[in-house]
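Student: Could we go through this structure together? I would like to begin with the interior and then turn to the aromatic rings and the cysteines.

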Amino acid sequence: DPTITDTGAPILRALTPLITDDRPMHRLSGLWLAERFARELGLGWKDTSATQALCGAVEELAHTDAAPSVRVRAGRTAARRAMAALGHPPAAIPAGPDRAPVWPPGLTGSITHTADACLAAVAETPMVTSVGIDLEPAGPLDPGLWPGISTGAERRWLAGQADPGRLARLLFCAKEAAYKAQYPLTRTLLDFDAMEIGVGPD
């Protein structure tokens, strides 16, 4: 479809790292953004041909290698080290049907990773009901993605900043962490405009 390949290709290139990410919430975020942009381009997301064309374009742009499985294992290793720091024995952390981590009884946590780093945070329940962390590259976020991850007020704030691209990345990172914290409690996929982030001077 020329509409997708000509108009949508830059958007797809920007979204591909999210859609092909091995982190469930990042992947879901990328698919949600793809759906939003598909609607703005006049594509019916429920239209099988349009959906297949969009998915095909994403697959064509994406590259595959062994890195995702390595990062998953590294994330689980970091999580088990955090569990040990709390005095808990090593335990499996399988992925649920939604690919989110399933924590051992009495524990909750969050795992995040980029191409070259991973972090895990683990806490004991019921003292802490849920945890959400996110790790992102320090570079600026593609301006084409700003409308999909920010509210109007946030974009007006970004427009007045000296380094809006990196701050847009910060907004995305904060929202990802918040979504990951609420998801185990609600099993709800919130839109990015469901919350608004305020960044202080520090």
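Tutor: The discussion below covers the nonpolar cores, one long-range approach, a helix, the ring pairs and the cysteines. Please keep in mind that this is a predicted model.

Student: How many residues does the largest nonpolar core have, and which have the most contacts inside it?

Tutor: That core has 15 residues, and Leu141, Ile149 and Phe172 have the most contacts inside it. Helix H2 (9-19), helix H6 (146-149) and helix H8 (164-186) are the elements that give two or more residues to this core. The largest share, four residues, comes from H8.

Student: What is Leu141 in contact with, leaving aside its neighbours within four places in sequence?

Tutor: Its partners are Trp146, Ile149, Gly165, Ala168, Arg169 and Phe172. There is also a second, separate core of eight residues, and Ile93, Trp103, Leu107 and Ile111 are among them.

Student: Where is Leu145 found, and is Leu145 buried or exposed?

Tutor: Leu145 lies in the loop between strand S2 (118-124) and H6. Its relative accessible area is 5%, which is under the 20% limit, so Leu145 is buried. Its C-alpha atom is separated by 8.0 Å from that of Leu15, although the two residues are 130 residues apart along the chain.

Student: Back to H8. What is its reach from first C-alpha to last?

Tutor: H8 has 23 residues and reaches 32 Å, close to the 33 Å expected at 1.5 Å a residue. Just after H8, Arg187 takes a positive phi of about 55°.

Student: Now the rings. How many aromatic pairs are there?

Tutor: The count comes to two aromatic pairs. Phe172 and Phe192 form a stacked pair, at 5.7 Å centre to centre with 20° between the planes. Phe172 is in helix H8, while Phe192 is in the segment after H8, 20 residues apart.

Student: Why is the pair of Tyr179 and Phe192 edge-to-face?

Tutor: The ring centres of Tyr179 and Phe192 are 5.3 Å apart and the planes are at 70°, so this pair is edge-to-face; the cut-off is over 60 degrees. Ring pairs thus link Phe172, Tyr179 and Phe192 into a cluster. Tyr179 counts as buried at 2% relative accessibility, and Phe192 is buried with a relative accessible area of 2%.

Student: One last topic: how many disulfides does a search of the whole structure find?

Tutor: The search finds zero disulfides. As for individual cysteines, Cys118 is partly exposed, with a relative accessible area of 27%, whereas Cys173 is buried at 17%.

Technical notes:
Residues numbered from 1 in each chain as written. Predicted model: local features only at pLDDT ≥ 70, side-chain atom pairs only at ≥ 80, totals over all residues. Heavy atoms only, no water. Core = buried A, V, L, I, M, F, W, Y, C linked by side-chain atoms within 4.5 Å. Buried < 20%, exposed > 50% of the residue type's maximum accessible area, 1.4 Å probe, protein only. Contact = heavy atoms within 4.5 Å. Expected span 1.5 Å × (residues − 1). Disulfide = S-S within 2.5 Å. Phe/Tyr/Trp six-rings, centres within 6.5 Å; stacked < 30°, edge-to-face > 60°.
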